[in-house]
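Student: Could we go through this model together and ask, for each label, what justifies using it?
Tutor: Yes, let us set values against cut-offs.

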Amino acid sequence: MVEPNNSSANAGGPTSNLPSHFNKLSQIYPRQAGNSTLNLFASIADHLAPISASSIVHDNASGPGTATRVILKNLKREDYPMVIATDMVPAMVGAFNSDVAKTNEASKLTGIVMKSETLDFPDERFTHSITNFSIFNFSDPLVCVKEIYRTLKPSGQAVITTWKTFAIGDVIHETQRRIRPDLPLMKVSGTEYHKSDVILDIMVQAGFAKEKIQLLSPVVVVTGKDLDGLTEFGSGPFTEAARAGWTDEEKGRWKEVLFEVLEEKKEESGGLKFEGWALLATK
């Protein structure tokens, strides 16, 4: 999602403390993401290597367990794999353990606080490693993907998803332009990693063979209650950084103009259109 900001504006736009942001967002992430990351991952689920009770899946930088939810939904309980979810944000791991793990087969699902740059797992541990819409938040994506490669079994599958178009970010930026075009736009996390060729290059540098990497471009249009959640995100406290330096009168116009931009997007696409990239690699 968009990084909020508690710092002063600068030439490059506002920045923020990412873990602090996601600690606050952990319990409401699915709704305020409009389930976009869940539905984009679900749309590529048929391309995952077969998962069974003998599989060992790493949900890397898992958030509250979005990818795990999709995987389990497509399986009978007796076919659930072992899933180890890791995230650097304690509240995200807490959400995974209290929700996904508790309501499913808790003995096979484990959430651990851990940074993706230093995975505390042995070599060749996992049959599947999934990094769902997180790579743009890593401090060093290449180091993280090297860790993915190291911990993946031979013939195992790595899946990395990222944005192609981050629609709610575009809406926030357009709202800013219409009210205060003279100020820097709110910073979106890691936009340089919203390009498939950049992620492909990182994966190759990490050890994956280019000819064994499949590229997909999933699309979802967020509507209904999911769009309501995105609207809450765009008009709530997590986007305060976008209004840094504004007068009270200008801040008072935010929701009205945000809704105006969203209505225009709905007329164009029937909702808010998110596009992603998915790279699936076999080791």
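**Labels and their grounds**

Tutor: In this predicted model, Gln157 is in contact with His47, Leu48, Ala49, Thr127, His128, Ser129, Leu152, Leu280 and Ala281, once its neighbours within four places in sequence are left aside. Gln157 itself lies in strand β5, which spans residues 152–165.

Student: Why is Gln157 called buried?

Tutor: Its relative accessible area is 8%, and the label requires a value under 20%, so Gln157 counts as buried.

Student: What makes the approach of the Gln157 side chain to the backbone oxygen of His47 a polar contact?

Tutor: The side chain of Gln157 reaches that oxygen of His47 at 3.3 Å, and the cut-off for a pair of N or O atoms is within 3.5 Å, with one able to donate a hydrogen and the other to accept it.

Student: How do you know that α7 and α11 are oblique to each other?

Tutor: Their axes come within 9 Å and cross at roughly 125°; angles under 35 degrees count as roughly parallel, 65 to 115 as roughly perpendicular and over 145 as roughly antiparallel, with the rest being oblique, and α7 and α11 are therefore given that last label. The crossing of the two helices is right-handed.

Student: Which residues of α7 meet α11?

Tutor: Among them are Val171, Ile172, Thr175 and Ile179 in α7, while the residues they meet in α11 include Trp254, Val257, Leu258 and Val261.

Methods: Residues numbered from 1 in each chain as written. Predicted model: local features only at pLDDT ≥ 70, side-chain atom pairs only at ≥ 80, totals over all residues. Heavy atoms only, no water. Helix = DSSP H or I, 4+ residues; strand = E, 2+ residues; numbered from the N terminus. Buried < 20%, exposed > 50% of the residue type's maximum accessible area, 1.4 Å probe, protein only. Contact = heavy atoms within 4.5 Å. Axes fitted to C-alpha atoms, helices over the stretch in contact; angles between N-to-C directions. Left-handed = near helix turned anticlockwise from the far one by under 90°.
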